[in-house]
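The following exercises concern pockets, cavities, a ligand site and backbone geometry. Each task is followed by a worked solution.

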Amino acid sequence: MFPRGFAWGAATAAYQIEGGWQADGRGPSIWDTFSHETGRVFGDQNGDVACKSYELWEEDLRSILQLGLTHYRLSVSWARLLPDGTTQHVNHKGVEYYNKVIDNLLTANVTPMVTLYHFDLPQALQDQGGWKSPNIAALFDSYARFCFQTFGDRVKLWITINEPYVCAKLGHEDGIHAPGLEEPGGRAAYLVGHNMLRAHALAWHSYDAFFRPKHEGLVSLAINSDWLEPLEPDCAEDVSATERHLAFTLGWFAWPVFVSGDYPEIMRAVIDANSKTHGFNSESRLPIFSKDEPPILGTADFFALNYYTSRKVTSGCGHSDILSMKSDRGAQEVLDPSWPISGVSWLAVVPHGLRRLLSYIKKNFSDPAIYITENGFAQVGSLEMEDVQRGKFYTETISEVAKAITEDGVNVRGYFAWSLMDNFEWADGYSVRFGLFHVDFSDEKRKRTMYRSGREYAKLILKYSTEHEGPHPNH
Ligand code: BGC
């Protein structure tokens, strides 16, 4: 069912697990600043200590081995490696830490996939304008080259930026993620998305020109998308609202990289028109890619997809007089009452949505190799170590991935569960638990204990990874 060499993984991100926010010369990031402000995060919690992975990496490794993962996706913290964000000052302790992590993984026969940016911009760069500043692309490129140079002899799977949509929209329009900017009008979100695409493309071109010849790795960016389908499939307005919505989420980042080197036409048309109506006469709020910079088209060696949930879409009252990204897209999301809700209200459980989204990607983005770089299920409230629902979720979702491969011919190369362990769930703090391992946040040692769903995922991995290759080395 799953091709030989299929990646069975779990994912984490630096700020969500490491803690050690001031240890050994790490610089502050925008999530330190944001979470230290009152009222930003549930219970005013923060990632100062988190799962203590900076101190207790060996515990993470033990968990990874217990699950029998073939791959582990982690992110490196820009501010831990380069405290002021620039290569003028390298924090060698940070380099040592990630060297240890990478080396230990390889010794244990686990392949690392490394994300360079998972929401945690060095504060020093935010102070110079952050992702809204055009200079950020070159700064990111220097940081990426530093990482390729330092770790690229051993790391062959790279993600430049995780979920640019989330950074742009939640961080710069909704203000619910760092840096907490609530800028109406859509302009800030589009500008951030644009600079993230430019930064990603520069880094991909650097890898391609200077590192790929000797390291032979692969580089992509992780794009998040819900599966979207019309509320009334026979209603033309719902169908076009769905297309528009897909263009404004998945298409915003996938279209330039995989299809045309530019934004989806519908996005350009709507934003240009709305910009004009609202008096932005000379300039649209959606920036234009400069011909003098390296092209965006073709800057992904595989498709990295983060999928969590699905929505029905109607044109309805998505429009509003206040200009925003949401009003531009003119689509309203509706939950299908038959979809069970996980611990968090936004996460309706729709495993078949992943299969449909995979087919959509195959069809619209030239049948790329796809890694599902995140997918998971949240628990809130009372703790259930026997998390039957989450186990069922993984079994059903993985069976949809199997169908996508065998029945729909989608080229899926790997699946990463979010997350290896409970961690700092951004604005929800520690109130939301996504882990395959429970973490006791009241314990000094942050004791990790495998949930029932972890045992079930381990069984699935063992079953599928031995189908072709004999016993897994870790069992
Ligand atoms: C992010 C993770 C996050 C997860 C669950 C994704 O958007 O990449 O960092 O924890 O979703 O909300």
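**Exercise 1: Backbone geometry**

D44 is located in the loop between α2 (30-36) and α3, where helices (H or I, at least four residues) and strands (E, at least two) are DSSP runs numbered from the N terminus. The model is predicted, and local features need pLDDT of at least 70, side-chain atom pairs count only at pLDDT 80 or more, and totals for chains, interfaces and linings use all residues. Residues are numbered from 1 along each chain as its sequence is written, and side-chain values use heavy atoms, with hydrogens and water left out.

Task. State the sign of phi at D44, and locate the cis peptide bonds that precede P179 and S419.

Solution.
1. D44 is a residue other than glycine, yet its phi is positive, near 55°.
2. The bond joining A178 and P179 is cis, with omega about 5°; P179 belongs to the loop between α8 and α9 (187-215).
3. From W418 to S419 the peptide bond is also cis, with omega near 15°. S419 falls in the loop between β12 (412-418) and β13 (432-433).

**Exercise 2: The largest pocket**

Task. Give the volume of the largest pocket and describe its lining.

Solution.
1. The search runs on a 1 Å grid over the protein atoms alone: a cavity is a set of points where a 1.4 Å probe fits but cannot get out, and a pocket is an open set with protein on both sides within 12 Å along at least five of seven lines; lining residues have an atom within 4 Å of a point.
2. The largest pocket has a volume of about 1,100 Å³, a volume being the space filled by probe spheres set on the points, with grid points joined across faces, edges and corners.
3. Its lining holds 38 residues, and Y165, V166, L170, N224 and W346 lie nearest the centre.
4. At least two lining residues come from each of α8 (164-172), α10 (236-260), α12 (325-329) and β9 (332-334). The largest share, 4 residues, is that of α8.
5. By class, the lining has 15 nonpolar, 12 polar and 11 charged residues. Here Ala, Val, Leu, Ile, Met, Phe, Trp, Tyr, Cys and Pro count as nonpolar, Asp, Glu, Lys and Arg as charged, and the others, Gly among them, as polar.

**Exercise 3: The ligand**

Task. Where does the ligand sit, and which residues lie around the ligand?

Solution.
1. The ligand occupies the largest pocket, on the criterion that more than half of its atoms lie within 2 Å of the grid points.
2. The shell, with a heavy atom within 4 Å as the criterion, consists of Q16, H118, N162, E163, Y308, W346, E374, W418, E425, W426 and F434. These residues divide into 5 nonpolar, 3 polar and 3 charged.
3. A polar side-chain atom of E163 is 2.5 Å from a ligand oxygen. For N162, a side-chain N or O atom is 2.9 Å from an oxygen atom of the ligand, and for W418 the distance from a polar side-chain atom to a ligand oxygen is 3.2 Å.
4. On its own the ligand has 310 Å² of accessible area, of which the protein covers 91% (Shrake-Rupley method, 1.4 Å probe).

**Exercise 4: The cavities**

Task. How many cavities of 30 Å³ or more does the structure hold, and which residues line the second largest cavity?

Solution.
1. The structure holds 3 such cavities of 30 Å³ or more.
2. The largest cavity, about 80 Å³ in volume, has 13 lining residues, with I17, E18, Y72, L74 and Y97 nearest its centre.
3. α1 (14-17), α3 (53-67), β2 (71-75) and α5 (92-107) each give at least two residues to that lining, which comprises 9 nonpolar, 2 polar and 2 charged residues.
4. The second largest cavity has a volume of about 50 Å³ and is lined by I30, Y117, F119, W131, C167, H172, H177, A178 and P179. This lining has 7 nonpolar, 2 polar and no charged residues.

Definitions and conventions
Polar contact = N/O pair within 3.5 Å; in protein donor to acceptor, adjacent residues only side chain to side chain.
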